[in-house]
Amino acid sequence: MAGGGFCRLPNGTVVVALTLTRPCGGTARGAGPDAPVRVLVHAVNRARALTRLRNLGLRAVYLRGNDRPPTPDEITAVLHHPDGLLWRAAPQSGQELWHPIRALLGPAGHAGPARPAA
C-alpha cells in the first residue's frame, strides 16, 4: 500500500484516507486500471471504515500506520458528502474534483467479479 492514515474528529468519528490502485472494474475517467487513487472514508472507527471498503469488494485493504493522514481539505470534502466515501486520482492533476465511490467501482456497484443476475 502506497500510503494511508486516519484522523480522529472531535465527535469521536474518524476519517480514513488510503492510496489504492484503481479496481479493474472501474470505468472512471483518468489513467488506466493500475493508476493510484486516494480514497476517503468517514466512519465511526477505523475498523468500520475498512469494513465499508471491503463490503464494496476492495478486499485487500489494510491501514498500517499513519504516514499519510487526511488533509483538512480532504476531511472537509468527505464530511460534506452524503455517502462519506470519496475518491480522486492520487497524484492529483490540476483541479480534479472528488468523485463518489460509485464512479470508481463501475456499473456493478462493487469492485469484485460480476454478481449473477437474480
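Two strands pair if DSSP finds at least two bridges between them. Strand 4 and strand 5 (residues 99-100) run antiparallel and are joined by two bridges, so they count as a pair. The views below show a predicted model.

**Figure 1. Overview of the protein chain.** The predicted model contains three helices and five strands. Read from the N terminus, the order of elements is β-β-β-α-α-β-β-α. The protein chain has 118 residues, of which 40% count as buried. Its exposed area is about 6800 Å², and carbon and sulfur atoms supply 56% of that area. Among contacts between residues at least 6 apart in sequence, 60% join residues at least 24 apart.

**Figure 2. The open sheet and its edges.** The five strands are arranged in the order 1-2-3-4-5, with antiparallel pairing, and the sheet is open. Strand 1 and strand 5 each have a single partner strand and stand at the edges, so one side of each lacks a neighbour in the sheet. Strand 2 and strand 3 run antiparallel and are joined by eight bridges, while five bridges join strand 3 to strand 4, again antiparallel.

**Figure 3. Residue pairs across strands 2, 3, 4 and 5.** Between strand 2 and strand 3, Leu18 has Val39 as its bridge partner, and Leu20 stands opposite Val37. Val39 in turn stands opposite Trp87 of strand 4. The bridge partner of Trp87 in strand 5 is His99. Arg38 of strand 3 stands opposite Arg88 of strand 4. Both strand 3 and strand 4 are mostly covered: six of the eight residues of strand 3 are buried, as are five of the five residues of strand 4.

**Figure 4. Surroundings of the Arg38 side chain.** Arg38 belongs to strand 3. Its relative accessibility is 5%, and because buried means under 20%, Arg38 counts as buried. Its side chain makes a polar contact of 3.5 Å with the side chain of Thr19. The backbone oxygen of Pro69 is reached by the Arg38 side chain at 3.4 Å. A further polar contact, of 3.1 Å, joins the side chains of Arg38 and Glu74.

**Figure 5. Glu74 in helix 2.** Glu74 is part of helix 2, which spans residues 72-79. With a relative accessibility of 7%, Glu74 counts as buried. Apart from neighbours within four places in sequence, Glu74 is in contact with Ala17, Arg38, Leu40, Pro69 and Trp98. One of these residues, Arg38, is joined to Glu74 by the side-chain polar contact of 3.1 Å. Pro69, also in contact with Glu74, offers its backbone oxygen to the side chain of Arg38 at 3.4 Å.

**Figure 6. The two sides of helix 2.** Glu74, Ile75 and Val78 are the buried residues of helix 2. Viewed down the helix axis, the buried residues fall within an arc of 100°, so they line one face of helix 2. Pro72 and Asp73, on the other side, are exposed. The cover over the buried residues includes strand 1 (3-8), strand 2 (14-21), strand 3 (36-43) and strand 4 (85-89).

**Figure 7. Two nonpolar cores.** In soluble globular proteins, nonpolar side chains tend to be buried together. The largest nonpolar core has 20 residues, and Leu18, Val39, Leu53, Val61 and Ile101 touch the most other members. At least two residues of this core come from each of strand 2, strand 3, helix 1 (46-55), strand 4 and helix 3 (101-105). Another core lies apart from it and has eight residues, including Val15, Leu40, Val78 and Trp98. Leu18 and Val39, named above for the largest core, are also bridge partners. In the other core, Val78 is one of the buried residues of helix 2, and Leu40 and Trp98 are both in contact with Glu74.

Methods: Residues numbered from 1 in each chain as written. Predicted model: local features only at pLDDT ≥ 70, side-chain atom pairs only at ≥ 80, totals over all residues. Heavy atoms only, no water. Helix = DSSP H or I, 4+ residues; strand = E, 2+ residues; numbered from the N terminus. Buried < 20%, exposed > 50% of the residue type's maximum accessible area, 1.4 Å probe, protein only. Polar contact = N/O pair within 3.5 Å; in protein donor to acceptor, adjacent residues only side chain to side chain. Contact = heavy atoms within 4.5 Å. Arc of directions from axis to C-beta. Core = buried A, V, L, I, M, F, W, Y, C linked by side-chain atoms within 4.5 Å. Areas by Shrake-Rupley, 256 points an atom, 1.4 Å probe, with all protein chains shown as cover.
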